[in-house]
Amino acid sequence: MPVAVTASVLATGLAACGTVEQLSAAQKVSKAFDKVGDGKSAGFALSIDATPEQIVAFAKATADKGDGGVDEKSAKAMSGLTLAVAVSADKPLKELEAFKEAKGSTANKDLTLDKSVRLSYVLSDRSGAALLEYRQVDAKGYLHVDAKGLVKLIGEDPSEVDAVSKDLPADLGAVKDALAGKWVSLDLQELADEAKKNDGGKAAPSAAPTADPEAAKQLLNSLKDVIGRTVTYEDKGKTDGAEHIWVSAPARRLVDELFKAVKPVADKFPQQFKKFPAQAPSDVPDRKVGVDLYLKNGAFSSATFDLAQLASKARPGVNFPVKLAFNQSAPDVQAPAGAVKLTSADLMKAVLGLAAGPGGGLDPADGPATAAAPLTDAQLKELAKLGVPESQARAFNALGMSFEDIKELSQPS
């Protein structure tokens, strides 16, 4: 939803200028995206439309010197991968807090525990088989994993899944069920409460700072100005019953100008622009890039984009198409029957068990874990600042991990 809303806002930026043809096309795009929130359900599907041959050619053309690229087996696994997202609610989506926030509301409600919203995420392969599926219904999460399929996807031996499952302790039956491909359920409220407890039971943090309305207005006007001057909308007529609009812009110029527009006010939007870079990306290709948008009955239907446009090393004829499809009548998300409950304690035990490995150490080759120096209060406080709760830090320490080990583990890769 935030992507669609953002696209809608940017599309309206051209409505103040341009030729009659561009104005008409821009208005169509803006109105099409605005319709996304009119219904009570919506479905998005992001898929890799590139063929295995295209993936191999793209990888070869863009690989660094000495890099082997992508083999045919991996390319076949990647081709056709699809991530489908469905959302349904008891009211129009545009009335949901998350949708309002995406359009600039200062509301800060947690969607995770909103029982009026039902969500579904499905990662599937080219045959349509689900490799990973997550549903959220009535503030409960439901997970289904084809562990062997996922392991096979990344080129590893599926039998490793059986080995991992065999080494898990008997009291982690729910985790074994998950690895065996059964549905498991998670109480999201329980997990939220556990996270608060692990955070030391501190008082709820103060509300996130909101941006100055004047700064927001300044930013929006600046973005509209940049889009209006750099983005071109071209009506291509109809393709298979859908209106086809080509939206393009000079990539490097667009990125540079957007950076100049956001940089002066970035510090006034601490939540939206965390760690804003000191300078614009220098690796953006100096050429025109574009996306094909398709509208049906005035609403957004799909978009296709060639990733090769962003690769400076890609030669003409090298392509890597991806597609985003939209369906405003997505089926309602339902809770699966017979799901086995997975508690927060089960999750922690599973993480620690997998970290310990079959030999009890962090790496099976290291053998049994050796004692580590107990963590001091100062070290626990430092780890907490890095996002490692005290209970988790002590658990890792008990497994033989030193303060430096845990600190290194918590650092972003």
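A residue counts as buried when its relative accessible area is under 20%, as exposed when that area is over 50%, and as partly exposed in between. Keep this rule at hand for the exercises below, and remember that the model is predicted.

**Exercise 1. Sort Phe259 and Phe276 by burial, then describe how their rings pair.**

Step 1. Phe259 has a relative accessible area of 15%, so Phe259 is buried.

Step 2. Phe276 has a relative accessibility of 24%, so Phe276 counts as partly exposed.

Step 3. Now look at the rings. Five aromatic pairs are counted in the model. In the pair of Phe259 and Phe276, the ring centres are 5.4 Å apart and the planes meet at 20°; planes under 30 degrees apart count as stacked, so this pair is stacked.

Step 4. Place the two residues along the chain. Phe259 belongs to helix α11, while Phe276 sits in the loop between α11 and β9, so the pair ties together parts 17 residues apart in sequence.

Step 5. For another group of rings, find Phe44, Phe300 and Phe326, which ring pairs link into a cluster.

**Exercise 2. Work out the strand order of the sheet and find which strands stand at its edges.**

Step 1. Begin with the whole protein, which has 15 helices and twelve strands.

Step 2. Trace the open sheet formed by twelve strands: the order is β7-β8-β9-β10-β11-β1-β2-β3-β4-β5-β6-β12, with mixed pairing.

Step 3. Check the ends of that order. β7 (232-239) and β12 (340-341) each have a single partner strand, so one side of each lacks a neighbour in the sheet.

Step 4. Move in from β7. Six bridges join β7 to β8, and the two run antiparallel. In this pairing, Tyr233 stands opposite Val247 in β8.

Step 5. Look at the turn. β7 and β8 make a hairpin with two residues between them, and Asp240 in the turn has a positive phi of about 55°.

Step 6. Go on to the following pair. Strands β8 (residues 242-250) and β9 (residues 288-296) are antiparallel and joined by eight bridges. Here Ala249 stands opposite Val289 in β9.

Step 7. Finally, see what lies over these strands: helix α11 (residues 251-262) lies across β8 and β9, running at about 75° to β8.

**Exercise 3. Find where Asp138 and Asn297 lie, and say what stands out about their phi angles.**

Step 1. Recall the background: most residues other than glycine have a negative phi.

Step 2. Asp138 lies in the loop between β4 (130-137) and β5 (140-145). Its phi is near 50°, a positive value in a residue other than glycine. At 43% relative accessibility, Asp138 is partly exposed.

Step 3. Asn297 lies in the loop between β9 and β10 (299-306). Phi of Asn297 is near 55°, again positive in a residue other than glycine. With a relative accessible area of 77%, Asn297 is exposed.

**Exercise 4. Decide which parts of the chain are linked by the salt bridges of Asp235, Asp332 and Arg229.**

Step 1. The whole structure holds 13 salt bridges.

Step 2. Asp235 and Lys28 meet through their side chains at 2.9 Å, N to O. This pair links strand β7, where Asp235 lies, with helix α2 (residues 20-34), home of Lys28, across 207 residues.

Step 3. Asp332 bridges to Arg118, with the closest N and O atoms 3.0 Å apart. Asp332 is in the loop between β11 (321-327) and β12, and Arg118 is in strand β3 (residues 117-124), 214 residues apart. Compare their burial: Asp332 is partly exposed at 41%, whereas Arg118 is buried at 12%.

Step 4. Arg229 forms a salt bridge with Asp225, the closest N and O atoms again being 3.0 Å apart. These residues are four apart in helix α10 (residues 213-230), so about one helical turn separates them.

Step 5. Widen the view: Asp225, Arg229, Arg253 and Glu257 are linked in a network of salt bridges.

**Exercise 5. Name the buried residues of helix α3 and find what covers them.**

Step 1. In helix α3 (residues 52-62), the buried residues are Pro52, Ile55, Phe58, Ala59 and Ala61.

Step 2. Their cover includes β1 (41-48) and α4 (72-78).

Step 3. Set this beside the whole protein: of its 413 residues, 35% count as buried.

How values were computed:
Residues are numbered from 1 along each chain as its sequence is written. This is a predicted model: local features need pLDDT of at least 70, side-chain atom pairs count only at pLDDT 80 or more; totals for chains, interfaces and linings use all residues. Side-chain values use heavy atoms; hydrogens and water are left out. Two strands pair if DSSP finds at least two bridges between them. Contact means heavy atoms within 4.5 Å. Axes are lines fitted to C-alpha atoms, for helices over the stretch in contact, and angles run from 0 to 180 degrees between N-to-C directions. Buried means under 20% relative accessible area, exposed over 50%, partly exposed in between (1.4 Å probe, protein chains only). Rings of Phe, Tyr and Trp (its six-membered ring) pair if their centres lie within 6.5 Å; planes under 30 degrees apart count as stacked, over 60 as edge-to-face and the rest as tilted. A salt bridge is a side-chain nitrogen of Lys or Arg within 4 Å of a carboxyl oxygen of Asp or Glu.
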